[in-house]
Amino acid sequence: MSDPSNGYDTLSDDFIRARSQVGRDVVAQWADGLPDGSAVIDFGAGDGAPVTQALVDAALQVWAVDASPRMVAAFQKNLPNVPVACETVESGRFYERHYDGAVALGLMFLLPEDAQVHLIRRVADILVPGGQFLFTAPQDAVTWDDALTGQPSLSLGDRRYRTLLADAKFDYVATCVDAGGNHYYAARNAGT
């Protein structure tokens, strides 16, 4: 059986030590576009820094998901008042409710193509009409081995992500790049 955390559970301490604040400003700006108290889910939350913390600081109601038991344990220490589930994004009880926003930073490209397609469709299903989605993936279609885990990573590329978003009834909003060179996609659920 493969590791549902894509190798991050074993290397969680290394990941946590290496994690920086890069991208926090992008998440904070995105969160500012949501009304106070909006319900947001953070997919691949890790230990909660810096993404989940930025969402909490923006006065949002946050739920989190990560497939690594060690990351979830660290998350619970860092953000004990934020509900977190140790589950994969391919399934889980977080799909049983609706949210005003969803983020998946540093996660999408760790998933195989079919799981990326599935996640985009499922996010569309759980977001309220007008709900916001923010995720990261390289702009180019490319494969590489993850620097920390050595596991394969896959970006489907800008054209494919925009097509998948449109097929899932998302309106593309914008892309941006943070100080670390990470490429962000922002979309709005156009569903009724």
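Where is the place of Asn 182? I looked it up, and Asn 182 sits in the loop between S8 and S9. A reminder to myself before going on: this is a predicted model.

**Entry 1: the whole chain**

I began with the overall counts. The protein chain has 6 helices and 9 strands. Of its 192 residues, 48% are buried. I also checked how far apart in sequence the contacting residues are: among contacts with a separation of 6 or more, 62% join residues 24 or more positions apart. The chain exposes about 9,200 Å², and carbon and sulfur atoms supply 49% of that area.

**Entry 2: the loop between S8 and S9**

Back to Asn 182, which I wanted to see with its surroundings. I call Asn 182 partly exposed because its relative accessible area is 36%, which falls between the 20% and 50% cut-offs. Setting aside residues up to four places away in sequence, Asn 182 touches Val 22, Cys 176 and Val 177. I noted one long-range pairing too: Asn 182 and Gly 23 are 159 residues apart in sequence, yet their C-alpha atoms are 7.8 Å apart in space.

Asp 178 is in the loop between strand S8 (170-177) and S9 as well. Is Asp 178 buried or exposed? I found a relative accessible area of 8%, so Asp 178 counts as buried, the cut-off being under 20%. Its side chain has a polar atom 3.0 Å from the backbone nitrogen of Asn 182. Not counting residues up to four places away in sequence, I listed Val 22, Gly 23, Val 26 and Tyr 184 as the residues Asp 178 touches. Val 22 is thus on the list for Asp 178 and on the list for Asn 182.

**Entry 3: the nonpolar cores**

Next I turned to the interior. In soluble globular proteins, nonpolar side chains tend to be buried together. Here the largest nonpolar core has 34 residues, and those with the most contacts inside it are Phe 43, Leu 119, Ile 120, Phe 133, Phe 135 and Phe 170. At least two residues each come from strands S1 (39-43), S4 (99-104), S5 (127-136) and S9 (183-189), and from helices H5 (113-126) and H6 (158-167). H5 gives the largest share, 7 residues.

I picked Ile 120 for a closer look. Leaving aside neighbours within four places in sequence, Ile 120 is in contact with Met 108, Phe 133, Tyr 161, Leu 164, Leu 165, Ala 168 and Phe 170. Apart from this core I found another, of 24 residues, including Leu 55, Ala 64, Leu 134 and Ala 186.

Notes: Residues are numbered from 1 along each chain as its sequence is written. This is a predicted model: local features need pLDDT of at least 70, side-chain atom pairs count only at pLDDT 80 or more; totals for chains, interfaces and linings use all residues. Side-chain values use heavy atoms; hydrogens and water are left out. A nonpolar core is a set of buried Ala, Val, Leu, Ile, Met, Phe, Trp, Tyr and Cys residues joined through side-chain atoms within 4.5 Å. Buried means under 20% relative accessible area, exposed over 50%, partly exposed in between (1.4 Å probe, protein chains only). Helices (H or I, at least four residues) and strands (E, at least two) are DSSP runs, numbered from the N terminus. Contact means heavy atoms within 4.5 Å. A polar contact is a pair of N or O atoms within 3.5 Å; within protein, one must be able to donate a hydrogen and the other to accept it, and residues adjacent in sequence count only if both atoms are side-chain atoms. Accessible areas come from the Shrake-Rupley method with a 1.4 Å probe; for residues, only the protein chains shown count as cover.
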